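Reader: I should be grateful for a close look at a single residue and its surroundings, set against the chain as a whole. Please also comment on any unusual backbone geometry.

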Amino acid sequence: MKQVTIKNDSLELTTLNYGAVVQKLMVKDRMGKPVNCVVGFENPEDYREDDRFLGACVGRFAGRISGSQLQIEDQTYPIYSQEGVHLHGGKKGLGKRIWTLTELKEGKDPSITYEYLSPHLEEGYPGNLKVEVTYQLKDNSLSIIQKATTDQPTVVNLTNHSYFRLDKKAEIDHLMLQVFSEKRLETGENLVPTGQLLPVENTSYDFRKPVALGKTRLDTPYVTDPGHNPKVIAWSPLSGIRIRVDSNQPSVVVYTPEDLPAICFETQNYPDAPAHAAFPSCLILPGDTYRNESVFSFDLVP
């Protein structure tokens with residue numbers, strides 16, 4: 001397992017070739033002190049036993065797929081499930097694989113690129129899928145570009161699964177959150193989408209205007225406009241660190257775990273898209289290139 005670090009005047013990023021994990025992301029607070037804004041293990045080997053997908057490139061399908069099989073064109077493919085749910089790509093998924101470092105650029109706008117070839121029927125998914133993720137620092141922003149190509153029809157939905165911490169406080173009730181979304185996906189048992197889109201207005205899911213999290217906890221797929229950015233803004237009144245999330249994806253899953261003072265912004269396609277014809281398609285064909293481009297920008301509030 002190997003660590004790779006890049007930095008510029010604003011940010012310092014450390015990644016691992018295991019799971020293409022974001023291990024550390026150092027951001028300066030309003031006092032000029034560096035704060036690690038992602039949850040991670042100090043010892044890289046600890047990631048082998050991690051079940052939270054800390055900082056990992058998650059796939060082949062991020063989020064949940066209902067049932068224990070995929071129907072792709074006229075073929076059925078069994079996939080691993082627990083209690084009727086396939087989560088984050090299966091037993092291991094992309095977040096538990098050793099990736100290959102293919103490019104490291106230093107100097108202005110430094111970047112790290114990893115690749116992984118997921119063989120046909122790995123975790124049950126058809127097609128040899130070539131996956132590439134590039135982390136690039138530009139001024140005060142971390143750009144994450146995930147790409148994939150296939151030699152057979154298959155489904156793909158990738159995301160980065162970093163748990164962001166904007167200060168060192170042991171809870172997140174004080175964090176301010178704004179989600180630019182009018183609707184969310186209704187989820188039922190085991191947090192699987194029902195297929196319905198519900199308005200957030202007059203509900204506890206409404207963060208269209210900045211609101212302190214308080215005791216609200218989320219594991220919620222918000223519907224976003226791919227042409228509108230930002231998707232999310234959050235900040236800490238304590239450290240002054242503010243994060244802005246931009247993405248080309250139609251959804252962002254906002255996740256605030258009950259037992260960890262952190263928040264995930266999982267930019268992706270709709271969870272369970274293979275089971276819902278009305279959802280944006282997650283199918284890619286030979287000759288197609290899947291591309292998830294998300295940017296996490298940091299600045300300071302007064």
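Author: In this predicted model, 63% of the chain's contacts with a separation of 6 or more are between residues 24 or more positions apart. The secondary structure of the chain consists of 27 strands and zero helices. Of the 302 residues, 53% are buried. The radius of gyration is 18 Å, which agrees with the value near 19 Å that a compact globule of 302 residues would have. Along its principal axes, the C-alpha trace spans about 60 × 45 × 35 Å.

The residue chosen for the close look is T267, which lies in strand β25, residues 263-268. T267 has a relative accessible area of 3% and is therefore buried, the cut-off being under 20%. Its side chain makes a polar contact with the side chain of S294, at 2.7 Å. Beyond its neighbours within four places in sequence, T267 is in contact with L158 and T159, with V245, S247, Q249, S251 and V252, and with N292 and S294. S294 thus appears both in the polar contact and in the list of contacts.

The backbone geometry may be taken next, beginning with the cis peptide bonds. One joins G59 and R60, with omega about 15 degrees. R60 belongs to the loop between β5 (57-58) and β6 (64-66). Another cis peptide bond joins N229 and P230, where omega is about 5 degrees. P230 is likewise in a loop, that between β21 (219-223) and β22 (232-235).

Positive phi values in residues other than glycine form the next topic. H88 is not a glycine, yet its phi is positive, at about 50 degrees. This residue is found in the loop between β9 (85-87) and β10 (100-105). H88 counts as buried because its relative accessibility is 7%, and the cut-off is under 20%. L121, also a residue other than glycine, has a positive phi near 75 degrees. The loop that holds L121 runs between β11 (111-118) and β12 (129-138). With a relative accessible area of 44%, L121 is partly exposed, since this class covers values between the 20% and 50% cut-offs.

Two properties of the whole chain complete the account. Its accessible surface comes to about 13,100 Å², and carbon and sulfur atoms contribute 48% of that area. The chain carries 32 positive and 39 negative charges, and the mean positions of the two sets are 5 Å apart.

Note on methods. Residues numbered from 1 in each chain as written. Predicted model: local features only at pLDDT ≥ 70, side-chain atom pairs only at ≥ 80, totals over all residues. Heavy atoms only, no water. Helix = DSSP H or I, 4+ residues; strand = E, 2+ residues; numbered from the N terminus. Rg over C-alpha atoms; globule rule 2.2 N^0.38 Å. Buried < 20%, exposed > 50% of the residue type's maximum accessible area, 1.4 Å probe, protein only. Contact = heavy atoms within 4.5 Å. Areas by Shrake-Rupley, 256 points an atom, 1.4 Å probe, with all protein chains shown as cover. Lys, Arg positive; Asp, Glu negative; His and termini not counted. Charge placed at Lys NZ, Arg CZ, Asp CG, Glu CD. Polar contact = N/O pair within 3.5 Å; in protein donor to acceptor, adjacent residues only side chain to side chain.
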